[in-house]
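Biologist: I'm new to this one, and I'd like a close look at a single part of it. Could you walk me through the open sheet and whatever packs on it?

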Amino acid sequence: MYEITQEHLESIYFRAPVFLRTGKSYTLEEQLYRSQWSAFIRNLIIFDKARWLNHPVSIYQAENKLYQLKLANEHGLDVPITYAGNAIPQGIKLEKSYIVKSLDTALFYENGSEMFTYTNIINGHELVNSEIQYAPVIIQECLEKKTDIRVTIIGDRIFAVSILKNGLQIDGDWRQTTSDELNYVPVDLPKEVEQKILNLMNNLNLVFGGIDLAFVEGKYYFIEVNPTGEWGWLVSSTNLPIEKAIVDCLAGVELNE
């Protein structure tokens, strides 16, 4: 048995919170287990003196994609032109390509199978003929000839990696590319971009985050931030000391020590 007290708990790594989602059938025991453990984890916020990575309240707020884009824009980061709603916006050009993605993680279950939606590229013709009245979506301008960059932030430390397919740029969602075709190359961001990212993270009250950028014609476009983003694949593929930075952060070790 482990006993947690305010006097002895110094750091909490809120690694991968599980949000209760509908669609999958659970037994009564499973429902009890999931609901009460989820509540127990949420109630850890009583440990307000601990060093959090990240605090649950900050995570839940930062999960909102439109809120992220608003703050990113306010901090001087370039963001794609974005619409959100359940109606086709005016001004859609039939010959242009657009990005369509969900407002939240779209995870569904049917006949025992799990389904997940990725970001998709569709043209204006397809978009105006789509039926989106049933649920709101995000529609963004399509950034063509982009280079995907994943930026992992721990405190004041920034690790940026460009993501390529066999050494080339990737159209659409890079997550749909098979892992053996992907290349991860550490890159240095301009200092002014790094500072804008740190200002955004501070505004979101996030100590840790995985930010997706798109580099297009000399501009770094903010796409989104995942406050509980994965990072193990970056360590194994690039040997970046992300795990050491996380441990240092939880231990309260300053960057210049």
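To start with, which residue in E11 is the bridge partner of isoleucine 163?

Modeller: Sure, and keep in mind that this is a predicted model. The partner you want is tyrosine 184, which sits in E11. That bridge takes us to strand E10 (residues 157–165), which pairs with E11 in the antiparallel sense over six bridges. Now step back to the whole sheet: it is open, has five strands, and runs in the order E11-E10-E9-E12-E13 with antiparallel pairing. At the edges you'll find strand E11 (182–187) and E13, each of which pairs on one side only. If you ignore direction, neighbouring strands here are turned by 30 degrees against each other on average.

Next, look at what packs on the sheet. Helix H7 (residues 242–251) does, touching strand E9 (147–154), E10 and strand E12 (208–216). The direction of H7 makes about 30 degrees with that of E9. As for the side of the story told by H7, its buried residues are Ile242, Ala245, Ile246, Asp248, Cys249 and Leu250. Their cover includes those three sheet strands, E9, E10 and E12, along with strand E1 (11–13), strand E2 (51–53) and helix H6 (232–238). Just after H7 comes glycine 252, with a positive phi near 80 degrees.

Finally, the edge strand E13 (219–226) leads to another helix: it is among the elements that cover the buried residues of H3. In helix H3 (residues 65–74), those buried residues are Lys65, Gln68, Leu69, Leu71 and Ala72. H3 is followed by a glycine too, number 76, whose phi is positive, near 90 degrees.

Note on methods. Residues are numbered from 1 along each chain as its sequence is written. This is a predicted model: local features need pLDDT of at least 70, side-chain atom pairs count only at pLDDT 80 or more; totals for chains, interfaces and linings use all residues. Side-chain values use heavy atoms; hydrogens and water are left out. Buried means under 20% relative accessible area, exposed over 50%, partly exposed in between (1.4 Å probe, protein chains only). Helices (H or I, at least four residues) and strands (E, at least two) are DSSP runs, numbered from the N terminus. Contact means heavy atoms within 4.5 Å. Two strands pair if DSSP finds at least two bridges between them. Axes are lines fitted to C-alpha atoms, for helices over the stretch in contact, and angles run from 0 to 180 degrees between N-to-C directions.
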